[in-house]
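Reader: I have a model to look over and some short queries about it. Could we go through them one at a time?

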Amino acid sequence: MCGIVGFTGSQSAAPLLLDGLKKLEYRGYDSAGIAVLSQEGIHLEKAAGKIKNLDEKIQGGATMTGSSGIGHTRWATHGAPTDENAHPHMSNGGRFALVHNGIVENYVELREELMAQGIQFKSETDTEVVVNLLDLYYAGDLKAAVLKTVARLEGAYALGILCKEEPGRLITARHAAPLILGVGKGENYFASDVTALVAHTKDVIYLEDGEIADITPESITIYDTAGELLEKSIEHVTWDVAAAEKGGYEHFMLKEIMEQPEALRATIEPRIKHGEIVLDDFSLSDSELKKINKIMITACGSAYYAGSVGKYVIEQLCRIPVEADLASELRYRNPLVDEHSLLVVVSQSGETADTIAAMKECKARGARILAIVNVVGSTIARLADDVIYTWAGPEIAVATTKGYTTQVAVMDMLAVYLARRLGRLEDGEYKTLVEAIRSFPELVQQSIDQNPKLPELAEKYHGHNNLFFIGRNLDFAACLEGSLKLKEISYLHSEAYAAGELKHGTIALIEEDRPVIALACYEALLDKMLSNIREVKARGAEVLAVVLDGNREIFDEADDVILIPRTHPLLNTLPEIVPLQLFAYYMAKSNGCDIDKPKNLAKSVTVE
C-alpha cells in the first residue's frame with residue numbers, strides 16, 4: 001500500500017525522487033522520506049504527514065546532493081505515522097538505507113534474533129528488521145547479502161536498497177508486491193507504479209515474484225532467488241504524463257469522473273467488430289465453456305460491487321449459477337471449486353492481496369481464471385489463464401470512478417459474449433444488447449449533462465450524518481457502490497440495503513428528515529420500489545430518487561429526482577452510478593474533505 005521509487009544516473013537524485021513520490025502519493029500519505037548517496041555517505045531526510053512536508057524540509061531536493069537514491073511514501077501498517085517510523089530506514093551502522101512496500105509476517109521472530117546480537121531498533125516497523133538483517137549478512141558482496149536476506153522473509157515485500165559502499169548501485173527485490181523498473185539512457189529507475197516513471201521514461205520492465213534487480217546508471221541485471229541470471233523483455237508504456245495530471249480540474253476524482261465516456265470508449269470499441277463482441281483475450285474453447293457449471297466472481301471494495309452487477313447480468317443472460325464473493329472471505333471458506341468452475345477475478349490495480357490469495361486458492365483446486373484488471377503486467381494479470389484489460393488509463397484519486405465503470409462495462413460485455421456462445425440469446429436480443437453497450441459512452445455523458453443541479457442537492461443533504469441507499473435487483477448492486485463512494489470520501493455514515501429488507505429491521509432507523517437515496521431504474525420492480533419509497537416517506541424520510549427519463553410517477557413521491565437516460569433494462573447500472581459519483585464528490589466538497597486522498601485509505605491494498 002506504500003509507494004517506493006529509486007533513481008541512479010548523473011542527475012541530482014532528490015528532485016527526481018520527490019517528483020516520483022508525488023505521483024505515488026495516492027498509495028500512502030501519512031509520511032515520506034528520501035535517502036541519497038553523496039560523497040559523505042547516505043543523507044536521509046523524512047517527515048510525517050503529506051509529501052509537501054518533506055518537500056518543504058528539503059527545499060524541493062536542493063538540500064540533498066547525490067545522483068542515486070531511494071524514496072518512500074507510507075501508509076502505516078507497523079507503528080504510528082511518525083518521523084521515526086517513516087521510511088527509508090537505516091541499518092545500525094549507517095551502511096544501508098532501505099524502502100519497503102508490503103508486510104514481513106515473521107518480523108517479530110527476526111527482530112528478537114537481531115536484538116539478541118546487540119542490534120538496536122529506533123522504529124516500530126517490520127522494515128527496520130529487514131535493513132539490519134541485510135547489514136548482518138553483508139560481507140562485501142551485496143547480491144549475496146540480498147539473496148540471504150530475502151530467503152529469511154515471509155510475507156509480502158518490494159524492496160529498494162541503497163548501500164554507501166556501492167556508489168551508483170541500487171538493488172530491488174520483489175515478492176507479492178508490485179515493482180517496476182524504468183529503463184533510461186545513462187540512468188535507470190524503479191517504482192511501485194508506472195505513474196512515477198512516465199515523466200522520465202516509457203520503457204519499463206515488470207518484475208515477477210522472486211526476482212531481484214541489480215541497477216546501475218548503465219545497466220539492469222535481473223536474477224532469481226537462486227542467483228541465476230534471467231532474461232526480461234522491455235515493454236513500452238503508451239500513455240503519457242499528461243494522463244496523470246489534473247488537466248484543470250480541482251480534483252483528480254472530478255477529472256476521472258468526466259473522463260469516463262473516453263475510458264469506456266477505449267474499453268468497448270476495440271471489442272465490438274461488425275456488430276459482434278470479440279474477446280480475443282478469452283481463450284476458453286466452446287467445449288471447455290460448455291463444461292463450466294458455475295461462475296464465481298471475486299474481488300474487494302468497488303471491484304466487488306462491479307462483480308455484484310456482473311452476477312445479476314451473467315446469471316440472467318447465461319442461465320448459469322453465479323456467485324459473487326468478497327475475496328477476503330472466499331480465500332478462507334474452503335470454497336466448492338473444481339475444473340468445472342470459472343473464477344472471474346476483478347481488480348483495478350491487479351495487486352490486491354486478498355484477491356490474489358483467493359485466486360491462487362481457487363486455481364489450486366482446478367478453476368479456470370479470468371482476470372478483469374486495469375494494470376498491464378500486474379500480478380493478477382500474470383497469474384490468470386485469461387485477461388481482459390479495462391484500459392481505463394491511470395486513476396490517481398483513491399476513490400475509483402472510471403476504474404469501476406469500465407469493470408462494469410467488461411462484465412456486461414462478458415455476459416452477452418458468453419450467452420451468445422452458449423446459444424442463450426436470439427439474434428435480435430443480442431444485437432440490441434451489443435448496441436446498448438456500444439452506446440455506454442454517450443449514455444454516461446448524458447447522465448452528467450442532464451443533472452446540473454447535483455452541487456445544489458449535495459449542499460442540501462451534506463449536513464446529515466446518516467444516509468441510506470435502497471434498491472432492488474440491479475439497483476441494489478448499484479446502491480452498494482453509490483453508498484461506498486459517499487462514505488469513503490465524505491466520511492458520512494451511509495448504508496446500502498435491498499429495499500425488500502426494509503421491514504426486516506432497517507426501517508427502525510428511518511426517522512424525521514433522514515435522507516434516503518432510492519434507486520428505481522429497474523422498472524420491472526418499479527411498483528414495489530414506489531411502495532418502499534412511500535414507507536420511508538411515511539416515517540419522515542427525505543427521498544432523493546434515481547429514475548429513468550420519462551418516469552413521471554416519481555415526482556409525486558420523491559423530494560428530489562436524478563434522471564438517467566434509458567437503455568436496456570439489464571444495463572442501467574452503468575449510467576445510473578455516474579450521478580451518484582458526482583453526488584458523493586460534491587457532498588465531500590461541501591464537507592471540506594480531502595477528496596483525492598481520503599483519510600485511512602490507500603489506492604492499492606497490497607497487504608491483508
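Reader: How far apart do the centres of the positive and negative side chains lie?
Author: This is a predicted model. The protein carries 60 positive side chains and 88 negative ones. The centres of these two sets are separated by 1 Å.

Reader: Why is the protein as compact as a globular protein of that length?
Author: There are 19 helices and 27 strands in its secondary structure. For 608 residues the globule rule gives 25 Å. The protein is as compact as a globular protein of that length because its radius of gyration is close to that value, at 25 Å.

Reader: What share of the residues counts as buried?
Author: Buried means under 20% relative accessible area. The count runs over the 608 residues of the protein. The buried share is 61%.

Reader: Is strand β4 mostly covered or mostly open, and on which faces?
Author: Strand β4 spans residues 68-74, and 7 of its 7 residues are buried. In a regular strand, side chains alternate between the two faces of the sheet. One side of β4 holds Ser 68, Ile 70, His 72 and Arg 74, all buried. Gly 69, Gly 71 and Thr 73 are buried on the other, so β4 is covered on both faces.

Reader: Which residue of β4 is the bridge partner of Gly 3?
Author: Strand β1, residues 3-8, pairs with β4 over 6 bridges. The two run antiparallel. In β4, Gly 3 has as its bridge partner Thr 73.

Reader: And which residue of β4 does Gly 33 stand opposite?
Author: Strand β2 covers residues 31-38 and is joined to β4 by 6 bridges. This pairing is antiparallel. Opposite Gly 33 in β4 stands His 72.

Definitions and conventions
Residues are numbered from 1 along each chain as its sequence is written. This is a predicted model: local features need pLDDT of at least 70, side-chain atom pairs count only at pLDDT 80 or more; totals for chains, interfaces and linings use all residues. Side-chain values use heavy atoms; hydrogens and water are left out. Helices (H or I, at least four residues) and strands (E, at least two) are DSSP runs, numbered from the N terminus. The radius of gyration is taken over C-alpha atoms; the globule rule is 2.2 Å times the number of residues to the power 0.38. Buried means under 20% relative accessible area, exposed over 50%, partly exposed in between (1.4 Å probe, protein chains only). Lys and Arg count as positive and Asp and Glu as negative; His and the chain ends are not counted. The place of a charge is taken as NZ of Lys, CZ of Arg, CG of Asp or CD of Glu. Two strands pair if DSSP finds at least two bridges between them.
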